[in-house]
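Visitor: I have a new structure open and would like to learn how to read it. Could you take me through some of its features, one at a time?

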Amino acid sequence: MATAVSILPAQQLAVLEDAYRSAVARKRLKATLATAVFCAVLVVAAFGAEVNLRTLFTYFGNFVSYFDRIFTLESGARVWTDPVEWFWGWQKWLRMLGETILISYVGTLVGAVFAFALNFFAAQNTSPAPWLRFTVRRLLEFARTVPGIVFALIFVIAFGLGPMAGVLAIAIHCTGALGKLFAEIVENADMKPVEGIRSTGASWLSCMRFAVLPQVSAGYASYALLRFEINVREASVMGFVGAGGIGQELVVAIRKFYYSDVSAILVTIIITVFIIDISTGWLRGRLFGKETRG
Amino acid sequence: MSQLPRLDTEQLRAKYPAVFDRPASARLAMPATIVAALAIFVFGLVDLDFSPSKLISGISQLGWITMMMIPPNPGASFPLYMHALGETLSIAVLGTTLAAVVALPVSLLATRNIIPSNFIRFPVRRFLDSIRGVDTLIWALVWINVVGLGPFAGVLAIAVSDFGAFGKLFSEAIEAADRKQVEGIRASGGSALHEIRFGLLPQVLPVIAGQVLYFIESNTRSATIIGIVGAGGIGLQLAEQIRVLEWQKVSFLILMILIAVAAIDFISSKLRFAIIGQRAVA
């Protein structure tokens, strides 16, 4: 079936085309301006960060050959030809890796408990008083914004070298991050059950326990598992500042140029992170269905 | 006052056996999980050398440190710190941009609707995953070995670790793009290049721009910490002042970081909103 395309008279067309052109021109001008500003910012940033392209070109070969070196054993052979020699320290590394996972587990659990205790005060719909909400929110923000490793640096001085500082640093950072997410879940919760419970004369605590908690606990567990995954990654570098875990071994290997050890430890960390990613993803999918996977 | 009808419990029990007589496995699952979680927790506390005496002495030490931090005072080093902060922001902006520029072509290789073959897509995706599995701090240490101490190593570290994240996010954004607009362009006689330029790009670009802005924001945080291993910026100053126990300077630096992060948050959320709003209009 052929349909004739009707073409408007030239006068009408001209008006429409003019309007179209001016709209496009305005958009183009905006885009050009934005690009120009962004390029200017980049140039300023390049000066600020002392970017030296010549250094990069001279040393980029080093970056590539660094990976060549970390995959070479002292005997000159490739690492995968002799896995026993490559992973010579596997017992020590596995123990440190176990410590790393324990640090993130204990840290996540402590952080989740604190976040759980604080989040009802931070959520808009359940907080008993505005000043309390404001204080708790600022507190969580502070815990979230200061990087975990800065806390670790300070805690190493206060609590001494060792995994305890790492656990506490992760716990504080995790409290901040989870507290915010938990509060957001509570803010999305249905308030009708709360009214129902309150109408029976229940206290604030009972309202939280019987009306809000059953709605939000699945979301809490899901976010806590996700956070555990992130914390394993973070715990793997806590050792850089002396706060326990496999990072200690890694930083020694990198600084002392034990090339094949670097690759062996990196491979163990990557594999562990993979396994934990996959297993927590599976667990969350199983426990809470697809829709709550945040 | 009327009396509520009395419930016949026996009848209810008979009617809903699943509610009243849950199998033992279902009833025990929750307590068993909690006991197991607690057992691992206690084992962790013991294995990681937690002791009440250590905790108490540490907390009193921490209280003392906090007292020493007040009031925050930069001393004579304020210009130096401002310069370091500028360095940190530069590292974040430059590193993120570099990562985005390099990640865009690579992400195409990991996209299902551009490369249908699993043969190329799978290794590219695993490659990006392994890069993401390594923390930014580790990349910083590696780059310091290559280009020496300083902010340039920080830029490259952020660029490499974000490259992994961007590759994944961009390819997901491209996969999520609507095919209908591309088909529309093809139906009106557009070439493959036209399809990408007018069908795909207008959908994908705002998403990508939003993600890049978000990463600049979060990298301001990352950039503060890579200084701790010597890759420039305000983290370097912070780590130094912590090591020499200059607590007033430490608290001042932390305040500076907090304010800078809040400012960047504000600007980037405004910008992101502007970009997304534009998409809603167009």
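Visitor: Let me start with one residue: where is B:Gly154 placed?

Guide: B:Gly154 sits in helix α8 of chain B, which covers residues 151-176. Please keep in mind as we go that this is a predicted model.

Visitor: Is B:Gly154 buried or exposed?

Guide: The idea is to count the other C-beta atoms within 10 Å, and 20 or more make a residue buried. B:Gly154 has 37 such neighbours, so it counts as buried.

Visitor: Which residues does B:Gly154 contact, apart from those within four places in sequence?

Guide: Its contacts are B:Ile91, B:Ala140, B:Ala223, B:Ile226, B:Ala231, B:Gly232 and B:Gly233. You can also look at C-alpha distances: B:Gly154 and B:Gly230 are 76 residues apart along the chain, and their C-alpha atoms are separated by 8.5 Å.

Visitor: And which residues does B:Ala157 contact, again leaving aside those within four places?

Guide: B:Ala157 is in contact with B:Thr136, B:Trp139, B:Ala140, B:Trp143, B:Ile226 and B:Ala231.

Visitor: How many residues are in the largest nonpolar core?

Guide: That core has 137 residues. B:Ala157 is one of those with the most contacts inside it, along with A:Ala152, A:Leu153, A:Ala169 and B:Ala140. Helix α7 of chain A gives the most to this core, 15 residues. Domain 1 (13-51) and domain 2 (87-292) of chain A both contribute residues, so the core lies between them.

Visitor: How far apart are the centres of those two domains of chain A?

Guide: Taken over C-alpha atoms, the centres of domain 1 and domain 2 of chain A are 42 Å apart.

Visitor: Why does the length of helix α7 of chain A agree with what is expected?

Guide: A helix should span 1.5 Å a residue, so the 25 residues of α7 (residues 163-187) of chain A should span 36 Å, and the end C-alpha atoms are 35 Å apart, which agrees. As for its surroundings, 21 of the 25 residues of α7 in chain A are buried, so by the count of neighbours this helix is mostly covered.

Visitor: How many helices and strands are there in chain A?

Guide: Chain A has 11 helices and 0 strands. To judge the overall form of a chain, you can compare its radius of gyration with a rule for globules. For chain A the radius is 28 Å, well over the 19 Å that the rule gives for 294 residues, so the chain is more spread out than a compact globule. Its C-alpha atoms fill a box of roughly 85 × 70 × 50 Å along the principal axes. Of the 294 residues in chain A, 39% count as buried.

Visitor: How many residues does each chain bring to the contact between chains A and B?

Guide: Chain B brings 46 residues and chain A brings 47 residues. On the side of chain B that touches chain A, there are 29 nonpolar, 11 polar and 6 charged residues.

Visitor: Let us go back to single residues. Is B:Arg179 buried or exposed?

Guide: B:Arg179 counts as exposed, with 10 C-beta neighbours inside 10 Å. This arginine is found in helix α9 (residues 179-187) of chain B. Its C-alpha atom is separated by 8.1 Å from that of B:Gly199, 20 residues apart along the chain.

Visitor: What about B:Val106, and where is it found?

Guide: B:Val106 is in helix α5 (residues 78-109) of chain B. With 17 other C-beta atoms within 10 Å, B:Val106 is partly exposed. Beyond four places in sequence, B:Val106 touches B:Val124 and B:Gly167. B:Val106 and B:Pro71 are 35 residues apart in sequence and 49 Å apart in space, C-alpha to C-alpha.

Visitor: Which form does the peptide bond from B:Ile70 to B:Pro71 take, cis or trans?

Guide: The omega angle tells you: it is near -5 degrees here, and the bond is cis. B:Pro71 lies in the loop between α4 (52-69) and α5 of chain B.

Visitor: One last angle: what is phi of A:Phe257?

Guide: Phi of A:Phe257 is near 60 degrees, a positive value in a residue other than glycine. A:Phe257 is found in the loop between α10 (247-255) and α11 (259-288) of chain A. With 12 C-beta neighbours inside 10 Å, A:Phe257 counts as exposed. In chain B, phi of B:Leu245 is near 60 degrees, and B:Leu245 is found in the loop between α11 (234-243) and α12 (247-281).

Methods. Residues are numbered from 1 along each chain as its sequence is written. Chains are lettered from A and ligands numbered from 1 in the order in which they are written. This is a predicted model: local features need pLDDT of at least 70, side-chain atom pairs count only at pLDDT 80 or more; totals for chains, interfaces and linings use all residues. Helices (H or I, at least four residues) and strands (E, at least two) are DSSP runs, numbered from the N terminus. The expected span of a helix is 1.5 Å times one less than its number of residues. The radius of gyration is taken over C-alpha atoms; the globule rule is 2.2 Å times the number of residues to the power 0.38. Two residues are in contact if their C-beta atoms, placed from the backbone, lie within 7 Å. Ala, Val, Leu, Ile, Met, Phe, Trp, Tyr, Cys and Pro count as nonpolar, Asp, Glu, Lys and Arg as charged, and the others, Gly among them, as polar. Domain bounds come from an automatic or database domain assignment. A nonpolar core is a set of buried Ala, Val, Leu, Ile, Met, Phe, Trp, Tyr and Cys residues joined through C-beta atoms within 7 Å.
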